[in-house]
Amino acid sequence: MRSTPFSGPGGPGPRSHRRAPALVAALLLAVAGLLGLTRVAGSASADTTDYTQSVSQPTASQAKITFTPTSPAAYVITHYTVNGANQQNVQMANSGGTWTYTVSSLTNGAVLSYSFTYEKNGPQYDTPWFTYTVGSGTTPPTSPPTSPPTSPPAANCTNQSDTPDFGPNVHVFDPSMGNAAIQSQLDAQFNQMKDTQTAQFSENRVADLFKPGTYNVEDNVGFYTSVAGLGQNPDDVTINGDVTVDAFNASDAGNATQNFWRSAENLAINPSSGTDRWAVAQAAPFRRIDVHGGLALYPASYGWASGGYVADTKVSGQAASVSQQQWYTRDSTYGSWAGGVWNMVFSGVNGAPATTFPNPPETTLATTPVSRDVPYLYIDGSGKYRVFLPSLRTNASGPSWASGSTPGSSLPMSQFYVVKAGDTAATINNALAQGCNLFVTPGVYHLSQTLNVTRADTVVLGIGYPTFVPDNGVNAMQVADVDGVRLKGLLFDAGTTNSQALLTVGPSGSSASHASDPTTIQDVFFRIGGEKAGKATNSLIVNSNNAIIDHIWAWRADHGNSGTVGWTTNTADNGLTVNGNNVLATGLFVEHYQKYEVVWNGQGGKTIFFQNEMPYDPPNQAAWVNPSGQNGYAAYKVGSNVTTHEAWGLGSYCYFNVNSSVNSYHAFEAPTTSGVKFHDLLTVSLGGVGTITHVINDTGAVTASNTTPTNVVSYP
């Protein structure tokens, strides 16, 4: 929930205090501490001529904050955060009119944000926020712009290259290497990454990048593998063959429901048999692909697959889902579409079927309200690497490149710090503090401190499923409430000490509008348990307004390595919490969290496609009762104060296999008001293991015992 600064009677402004100064300071500290306020009650903005301030470092791990008012002050309070987390509010010590406080236990590259509240002749005043990077030796200016504690001054990204070394886990192919040599390398890595039993929770990570040209190869795509072309447009790289995902292993028994964590992007395919196969489950995007033929989204065995995502793609032939349980396609073109099991959703897709939910279960929006395609790596005409940044689109339909090149701009690779083996949270934060964007190569990165993205328009681009693991209970990443941050292609894997949140976008109380340049969170995935006994109270919290959440999978693991999964083992309350206004989610997959899987408190929110499974493992009903006393928790809860919200194409399924007598009262919960609207939503009890009594609020029948959907076409 947002905490809102408040003021005394009569609105904001100075107010006289009749209490003793020390008591006033103590009360202010108590209020600020309890509410986490950036400003305390009854304060006015300070005049920059009223004071000077500075930071020095007595030792490498300490920062001494100094504040000197031009007239005597009865008290001075400093408010500070380190790397954006856990604001502290402390009274400074006075010595001859100069007030000081020393922050300890700092690491090189940490970002200290701080401000002051001070007394002057009765009233109290607040300064703007300042920032200081530990180890920089730079004293902050005395007259900064008035801004929240989010953006250190932009610096130059230095000593980077336009032709960087991406490390051993990135394979760059060139047609001159020869098809046989390339095929041999593709086959070798696939054999290492294909097996569902051994590779699903391994720490192997790989990216295969194809320089512009034509290749006659068969590329089978295993776990934690990204395949991408390095042209500026999809048809700059052509695969005469296939880019394939199937139920490859005998142990899969033809079932593709665990084909997670793999991707294909920015190339053209001439399928060997006329149809390419991409039979995947969650976290397996298929983006910016020109398929000269058909696209099969189901395994060759016709076994089950459990949902996926296509965007910015053209399929000249038929796209067929067949045994896919649910699917979402955005801003694409299909020659035609065939199939529908429970929940097929399209927005901005030429050739999509008409809305016929629930029979067949197709939901189609003619356009996507707001979208911005993903940043991607390419090679320019001089052989240098660049990252292309597609422009924002409104009411889009069809691929962004349908009429030629995707509109947008690009950045040279010299403005990116390449994260690879050996990098730590300190080195990554130091690069961010220098003004660098991040290009994160395949690997598993343990974080001893929070990664802080504080500069507007920062790009954090991952390939090959780079994985951030927070250690010792830190939050993995925090993004400031600034314009235009782009996060793409990251996996956050909870550590064994509980983190409060894995990714937070904007601090609590964020209020700025970012409508013209929103933050985008794309192909960003969260995992609690599975490889390790991870714990995180929240996976993703979005406080910034206008953010676009474009394809996430937040997963509290229901299976994994021994000892990593269980009701009291891999604990996690909420998958996604949205507090910002006018946030859009396109392609939202959230599963198995122990309380509300999605909580949407912001006004004006929109969701296009939601796929959910409730937690499998409540041990009994008493362990799973919501605060209202109802059985279970809704999978998707819209806050009681929300007056405008709209969602299309939502499914929630139960499978209470630890105790089949467990029940959830409903899957969707929302205030009943004309501005809160739901379209085409359903519940399913998988194999009749447990029940959901209603679909939304008190509407919709109890789930059937034969895996038949219970549908609601519109609500209210």
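In this predicted model, two cavities of 30 Å³ or more were found. The largest cavity holds about 190 Å³ of space. Its lining is made up of 22 residues, of which A228, E265, G462, I463 and K488 are the closest to the centre. Several strands contribute two or more residues each to this lining: strand 15 (225-229), strand 18 (262-270), strand 28 (376-379), strand 36 (459-462), strand 39 (486-493) and strand 41 (520-528). By residue class, the lining of the largest cavity comprises 12 nonpolar, seven polar and three charged residues.

A further set of strands was examined for pairing and burial. Strand 49 spans residues 645-654. It pairs with strand 47 (residues 605-613) in the parallel sense, and eight bridges connect the two. Within this pairing, A647 of strand 49 stands opposite T607. Strand 49 is also joined to strand 51 (residues 676-685), again in parallel, through nine bridges. Here E646 has K677 of strand 51 as its bridge partner.

Burial of strand 49 was assessed with a cut-off of under 20% relative accessible area. By this criterion, 10 of the 10 residues of strand 49 are buried, and the strand is therefore largely enclosed by the rest of the structure. In a regular strand, side chains alternate between the two faces of the sheet. For strand 49, the burial count covers residues 645-654, a stretch that includes E646, the partner of K677, and A647, which faces T607.

Definitions and conventions:
Residues are numbered from 1 along each chain as its sequence is written. This is a predicted model: local features need pLDDT of at least 70, side-chain atom pairs count only at pLDDT 80 or more; totals for chains, interfaces and linings use all residues. Side-chain values use heavy atoms; hydrogens and water are left out. Buried means under 20% relative accessible area, exposed over 50%, partly exposed in between (1.4 Å probe, protein chains only). Helices (H or I, at least four residues) and strands (E, at least two) are DSSP runs, numbered from the N terminus. Two strands pair if DSSP finds at least two bridges between them. On a 1 Å grid over the protein atoms alone, a cavity is a set of points where a 1.4 Å probe fits but cannot get out, and a pocket is an open set with protein on both sides within 12 Å along at least five of seven lines; lining residues have an atom within 4 Å of a point. Grid points are joined across faces, edges and corners, and a volume is the space filled by probe spheres set on the points. Ala, Val, Leu, Ile, Met, Phe, Trp, Tyr, Cys and Pro count as nonpolar, Asp, Glu, Lys and Arg as charged, and the others, Gly among them, as polar.
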